[in-house]
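Subject: Structure handover and findings

Dear colleague,

Please find below the structure that I am handing over to you, followed by an account of what was found in it. I would be grateful if you would read the two side by side.

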Amino acid sequence: MITPRGVNGYNRMRPYETLVVDVTYRCNSPCAYCRWGSSHTERRADRNLEEVMVPHESLRALGTRRVVLSGGEPLLFPDLAQVLAYYSAVVPERVVISNGLLLDSGLREKLLAAGATGS
Ligand code: SF4
């Protein structure tokens, strides 16, 4: 689901300046309080690229300045670098919300090279 919403201090921005995109409904963590927890996600799947790549013309029309890639755990999404590169063309800030379990220096460099500006 794609929802315009405020995130932390960002909620002072205009409603559509931050776009949150859930790229997958899978997660590798078993957080008991979370509906995406790995113990509850046997039949959950990644979303397809058409769903997670909002058309550039729509982003321009909305005035989107930040995209937040979330999930589930977005580092499980196999095409995350492609999605970051896609949003780099029109959105100044690209943030990945991750639990960090898969993150190492190599993946960090790959995400930065693909266009991530924060996590
Ligand atoms: S790491 Fe995040 S998305 Fe995954 S189960 Fe825990 S709270 Fe949910």
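Which residue in E4 is the bridge partner of Arg 66? The partner of Arg 66 in E4 is Glu 93.

Before the remaining findings, a note on the basis of this work. This is a predicted model, in which local features need pLDDT of at least 70 and side-chain atom pairs count only at pLDDT 80 or more, while totals for chains, interfaces and linings use all residues. Residues are numbered from 1 along each chain as its sequence is written.

Overall architecture

The chain contains 4 helices and 4 strands; helices (H or I, at least four residues) and strands (E, at least two) are DSSP runs, numbered from the N terminus. Their order from the N terminus is β-β-α-α-β-α-β-α. Of the 119 residues in the chain, 24% are buried. A residue counts as buried if 20 or more other C-beta atoms lie within 10 Å of its own, as exposed if 12 or fewer do, and as partly exposed in between, with C-beta atoms placed from the backbone. Among contacts in the chain with a separation of 6 or more, 64% join residues 24 or more positions apart; two residues are in contact if their C-beta atoms, placed from the backbone, lie within 7 Å.

Strand pairing

Strand E3 (residues 66-70) and strand E4 (residues 93-96) run parallel and are joined by 4 bridges; two strands pair if DSSP finds at least two bridges between them. Val 67 in E3 has Arg 94 as its bridge partner in E4. E2 also pairs with E3 in the parallel sense, over 5 bridges. In that pairing, Leu 19 is matched with Val 67 of E3, and Val 20 with Val 68. E2 is mostly covered, with 4 of its 5 residues buried.

The side chains of E3 alternate: Val 67 and Leu 69 point to one face and are buried, whereas Arg 66, Val 68 and Ser 70 point to the other and are not. Together with helix H3 (residues 80-88) and E4, E3 makes a right-handed β-α-β unit. A crossover is right-handed if, with the strands pointing away from the viewer, the path from the first strand over the helix to the second runs clockwise.

The nonpolar core

The largest nonpolar core holds 18 residues, and Val 23, Leu 69, Leu 80 and Val 83 have the most contacts inside it. Strand E2 (18-22), E3, H3 and E4 each supply at least two residues of this core, and H3 gives the most, with 5 residues. Such a core is a set of buried Ala, Val, Leu, Ile, Met, Phe, Trp, Tyr and Cys residues joined through C-beta atoms within 7 Å. Leaving aside residues up to four places away in sequence, Leu 69 touches Val 21, Val 23, Pro 74, Leu 80, Val 83, Val 95, Val 96 and Ile 97.

The ligand surroundings

Which residues surround the ligand? They are Cys 27, Ser 29, Cys 31, Cys 34, Trp 36, Gly 37, Gly 71, Gly 72, Glu 73 and Asn 99, where a residue is near a molecule if its C-beta atom, placed from the backbone, lies within 6 Å of it. By class, this shell has 4 nonpolar, 5 polar and 1 charged residues; Ala, Val, Leu, Ile, Met, Phe, Trp, Tyr, Cys and Pro count as nonpolar, Asp, Glu, Lys and Arg as charged, and the others, Gly among them, as polar.

Gly 72 is found in the loop between E3 and H3, and the peptide bond from Gly 71 to Gly 72 is cis, with omega near 20 degrees. Asn 99 is in the loop between E4 and helix H4 (105-114). Why does Asn 99 count as partly exposed? Asn 99 is so classed because it has 15 C-beta neighbours inside 10 Å. Not counting residues up to four places away in sequence, Asn 99 touches Ser 29 and Glu 73.

With kind regards
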